[in-house]
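These are my notebook entries on a structure that I had not examined before. I began with the disulfides and then turned to the rest of the chain.

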Amino acid sequence: FLHNVRMLCRAASGRADGTAVLESNTDYLGNDISVRSVATETACQAACQANGACLFFTYVPSTDDCYMKNSDAGRVSNAGLISGPKHCPSATPTPSL
């Protein structure tokens, strides 16, 4: 029994290899398409994946707010916030079974 579940990207401080990662203490300011209450950044990413218009998200742990976004433009430093892409990059495509 297989689940079509994407794992959360690993948190990192930068993008030295050019791959998308979760960005701690970062807000993607503006470009909001929806907001909902969730318990974790993993749930926030899952909510983004379930929204066809969402491409990125910013999670606010202090309020459990998940801001779904259509762009990562407006990247600013913001203590405590966690931002990331809808889907994590993979080094090689994984075939669906």
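**Entry 1: disulfides.** I looked for paired cysteine sulfur atoms and counted two disulfides. I kept in mind throughout that the model is predicted. A disulfide, I noted, is a covalent bond between the sulfur atoms of two cysteines.

I took the pair Cys44 and Cys66 and read an S to S distance of 2.0 Å. This pair links distant parts of the chain: Cys44 belongs to helix 1 (residues 41-50) and Cys66 to strand 5, with their positions 22 residues apart in sequence. I recorded an angle of 85° about the S-S bond, which makes the link of Cys44 and Cys66 right-handed.

Is Cys44 buried or exposed? I found Cys44 at 0% relative accessibility; it therefore counts as buried, the cut-off being under 20%. For Cys66 I likewise noted a relative accessible area of 0%, so Cys66 is buried.

I then turned to Cys48 and Cys54, which form a disulfide with their sulfur atoms 2.0 Å apart. The angle about this S-S bond is -100°, and I entered the link of Cys48 and Cys54 as left-handed. I found both Cys48 and Cys54 buried.

**Entry 2: the order of elements.** I listed one helix and six strands in the protein chain. Reading from the N terminus, I wrote their order as β-β-β-α-β-β-β.

**Entry 3: Lys69.** Which strand holds Lys69? I located Lys69 in strand 5, which spans residues 65-69. Its relative accessible area is 3%, and I therefore entered Lys69 as buried.

I next examined the side chain of Lys69 and found a polar contact of 2.4 Å with the side chain of Asp32. Leaving aside neighbours within four places in sequence, I noted further contacts of Lys69, among them Tyr28, Leu29, Gly30 and Ile33. The contacts of Lys69 also include Ala53, Cys54, Leu55 and Phe56.

**Entry 4: strand 2.** I went through strand 2 (residues 22-28) and found it mostly covered, with five of its seven residues buried. To which strand do five bridges join strand 2? I traced them to strand 6 (residues 75-85), and the two strands run antiparallel. As one instance, I recorded Ser77 in strand 6 as the bridge partner of Thr26.

**Entry 5: the chain as a whole.** I noted that buried residues make up 30% of the 97 residues in the protein chain. The accessible surface of the chain comes to about 6000 Å², and I saw that 54% of it belongs to carbon and sulfur atoms. I then looked at contacts between residues at least 6 apart in sequence: 64% of them join residues at least 24 apart.

**Entry 6: confidence.** How many of the residues, in percent, score a pLDDT of at least 70? I entered 71%, beside an average of 82 for the protein chain. Among the elements, I found the lowest mean pLDDT, 52, in strand 1 (residues 11-12) and the highest, 98, in strand 5.

I marked two stretches for caution. Over residues 1-7 the pLDDT stays under 50, and I counted five contacts beyond four places in sequence for this stretch. Over residues 12-16 the pLDDT again stays under 50, with 10 such contacts in the model. Where pLDDT is low, I reminded myself, the predicted coordinates should not be read in detail.

Conventions:
Residues numbered from 1 in each chain as written. Predicted model: local features only at pLDDT ≥ 70, side-chain atom pairs only at ≥ 80, totals over all residues. Heavy atoms only, no water. Helix = DSSP H or I, 4+ residues; strand = E, 2+ residues; numbered from the N terminus. Buried < 20%, exposed > 50% of the residue type's maximum accessible area, 1.4 Å probe, protein only. Contact = heavy atoms within 4.5 Å. Areas by Shrake-Rupley, 256 points an atom, 1.4 Å probe, with all protein chains shown as cover. Polar contact = N/O pair within 3.5 Å; in protein donor to acceptor, adjacent residues only side chain to side chain. Pairing = 2+ DSSP bridges. pLDDT = per-residue confidence, 0-100. Disulfide = S-S within 2.5 Å.
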